[in-house]
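Please look through the two-chain model below. A short report on its folds, contacts and local features follows.

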Amino acid sequence: MLPRRIILLIICTLLLFLGVYTWNQRTGQWDRLCASVGLEFTGGIMRGLDSLHDSLAGVWNSYVDLRNVRRENDELKARLRVLEQRLAGTREESAELIRLRRLMHLEYPASWPARASRVLAWRMGPNAALSTIMLSSGYLTGAAPGTPVTSWEGVVGRVLKAGPSTSVALLLTDPGSRVAVITSEGRVQGILSGGGPGLPLELRFVRQNAPVRVGEMLVTSGIDSCYPKGIPVARITAISTEGTSRSGASVLEIQAEPLVNFHRLEEVFLLQRPLDSITPESDAVYTRRTPVMERPEEAPNVASPASGDGA
Amino acid sequence: MSWTVAAWWLCYAVVAVALQALMPGLDFFLSGFILALQERNVPQLIVVGALFVMLQEGMGSMAFGGILLWYALAAIIFYVGCGLLQGTGFLFVTLFGILLSCVHYVIFALLATLQDIPWDPSSLFDECLFQAFFTPWIWWVASVLRRGVIHENRNRQR
């Protein structure tokens, strides 16, 4: 093959690629097709392998490896007693809270029903640039893009893309993840962003004199309309007063660690948005650029930064 | 494409998906694509290539295009390389694997920058290194198994 023809072939391939890439960026047709065909096929294979692993592990755990069952049973019974005592204590407080809300005519947001889903795999293939997990639910089974994903420990992330019965969720730790949070004690609002795999999360846009302390819990504030209010997300691990925002205003540099242990994640919950709830301005799950905020006081307006530049 | 050949590619895809779940960031379909290129059966190459691109793009998290460009450049480099070396030997596939890993590094970096996705050069380099190492060995195992299946198929047809 002549060198001129080779160069021409490479240029034609690159031009064709650029055409397909730009058309897909505008319409998203290829992404949807790949999510429906490729992701679904992969999900089917992973589901088969998962059930094979489960049956083999089930035989081993249920019939062979029974060494610590008695001790584990005693420990669980003791823990159950403690939890029952704690539940009895909180039951009265919960009833009082409902009575007080009714007295004050305080409208409380409707609860988000949860659907369980299995974790099939973590990031797969050479095209997996983001920290993601593959789930055994798709848009037909309650995992539309943007759906919040939680576990019994706290927030896991949000569904990034979905096929009919398989989906991929962006983890809280990915640098493109953003969650509107509030501190559990000082009620200080901010935006929690991922730092990357193995790195701490970062709480942004918190003013210098805000009442925050190390060890304090961060829960979802609900004002981004992406997550329901009050789900535990992370715990503050370090606070530094040397931070400045892009506009030069002094802000606190706060690091946090997620409550969820992502390495042990096997099952998750997909929270379904109630019909009467406010839908977010944008369904963007991945935030491409660092949102620019002029003042730390503007932090509650979290829906606007992600609205224009999501993937 | 006969049923035996189609079943072989399906089994290959299942094994490749399982291996990719075990080793994140690596492409185990590439060795199969090289095998399809070496057989020079154009309809089979198109079907296998389309299937592999769909699967990789579907399970990935970047916008569509990276794998398509990678596989298209792989096909061009393969046909150019066949003019210089014998395209069926282990040494050729090893050199081809190294070159394709370099191409993958450039494509990934380019597309991640285009899509504003932060990427770690050192971990990408490690993945490309592993890719260059694994590609010829996976190809070797797959070609030995495939030779057996095709020979058996031809013997049955006779």
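Leaving aside neighbours within four places in sequence, which residues is B:Phe33 in contact with? The contacts of B:Phe33 are B:Val48, B:Gly49, B:Phe52, B:Tyr71 and B:Ala74. This is a predicted model, and every contact here is read from predicted coordinates.

## The nonpolar core

B:Phe33 also has a place in a wider set. The largest nonpolar core has 97 residues. B:Phe33 is among those with the most contacts inside this core, along with A:Ala169, A:Leu192 and A:Leu218. The list thus names residues of chain A and of chain B. In soluble globular proteins, nonpolar side chains tend to be buried together.

A:Ala169 leads on to A:Val149. Not counting residues up to four places away in sequence, A:Val149 touches A:Ala169. A:Val149 also touches A:Val156, A:Gly157, A:Arg158, A:Val159, A:Val268 and A:Leu270. A:Val149 sits in strand 3 of chain A, residues 148-150. A:Val149 is buried, because 28 other C-beta atoms lie within 10 Å and 20 are enough to count. A:Ser55 is 94 residues from A:Val149 along the chain, and their C-alpha atoms are separated by 26 Å.

## Chain A

Chain A has four helices and twelve strands. Of its 311 residues, 34% count as buried. Take the contacts in chain A between residues at least 6 apart in sequence: 61% of them join residues at least 24 apart.

Confidence varies along chain A. The average pLDDT is 84, and 85% of the residues score at least 70. Over residues 291-311 of chain A, pLDDT stays under 50. For that stretch the model has 50 contacts beyond four places in sequence. Where pLDDT is low, the predicted coordinates should not be read in detail.

## Chain B

Chain B has six helices and zero strands. Along the sequence the pattern reads α-α-α-α-α-α. Of the 158 residues of chain B, 39% count as buried. Among contacts between residues at least 6 apart in sequence, 64% join residues at least 24 apart.

The C-alpha atoms of chain B fill a box of roughly 55 × 35 × 25 Å along the principal axes. Does the radius of gyration of chain B agree or disagree with that of a compact globule? A compact globule of 158 residues would have a radius of gyration near 15 Å. Chain B has 16 Å, so the two agree.

## Helix 5 of chain B

Helix 5 of chain B covers residues 90-114. At 1.5 Å a residue, its 25 residues should span 36 Å. The end C-alpha atoms are 35 Å apart, which agrees with that expectation.

Which residues of helix 5 of chain B are buried? They are B:Val93, B:Phe96, B:Gly97, B:Leu100, B:Ser101, B:His104, B:Ile107, B:Phe108 and B:Leu111. After helix 5 of chain B comes B:Asp116, with a positive phi near 60°.

## Where the chains meet

The contact takes 38 residues from chain B and 40 residues from chain A. On the side of chain B that touches chain A, helices 1, 3, 4 and 5 of chain B each supply at least two residues. Helix 4 of chain B gives the largest share, nine residues. The residues on this side of chain B divide into 24 nonpolar, eleven polar and three charged.

Helix 1 of chain B, residues 3-22, is one of these contributors. B:Cys11 lies in helix 1 of chain B. B:Cys11 counts as exposed, because 12 C-beta neighbours lie inside 10 Å and exposed means 12 or fewer. B:Leu45 is 34 residues from B:Cys11 in sequence, and their C-alpha atoms are 16 Å apart.

## Positive phi in two loops

A:Arg187 is not a glycine, yet its phi is positive, about 55°. A:Arg187 lies in the loop between strand 6 (178-183) and strand 7 (189-193) of chain A. A:Arg187 is exposed, with 11 other C-beta atoms within 10 Å.

B:Arg40 also has a positive phi, near 55°, in a residue other than glycine. The place of B:Arg40 is the loop between helix 2 (30-39) and helix 3 of chain B. B:Arg40 is exposed, with 11 other C-beta atoms within 10 Å.

Methods:
Residues are numbered from 1 along each chain as its sequence is written. Chains are lettered from A and ligands numbered from 1 in the order in which they are written. This is a predicted model: local features need pLDDT of at least 70, side-chain atom pairs count only at pLDDT 80 or more; totals for chains, interfaces and linings use all residues. Two residues are in contact if their C-beta atoms, placed from the backbone, lie within 7 Å. Ala, Val, Leu, Ile, Met, Phe, Trp, Tyr, Cys and Pro count as nonpolar, Asp, Glu, Lys and Arg as charged, and the others, Gly among them, as polar. The expected span of a helix is 1.5 Å times one less than its number of residues. The radius of gyration is taken over C-alpha atoms; the globule rule is 2.2 Å times the number of residues to the power 0.38. pLDDT is the predictor's confidence in each residue, from 0 to 100. A nonpolar core is a set of buried Ala, Val, Leu, Ile, Met, Phe, Trp, Tyr and Cys residues joined through C-beta atoms within 7 Å.
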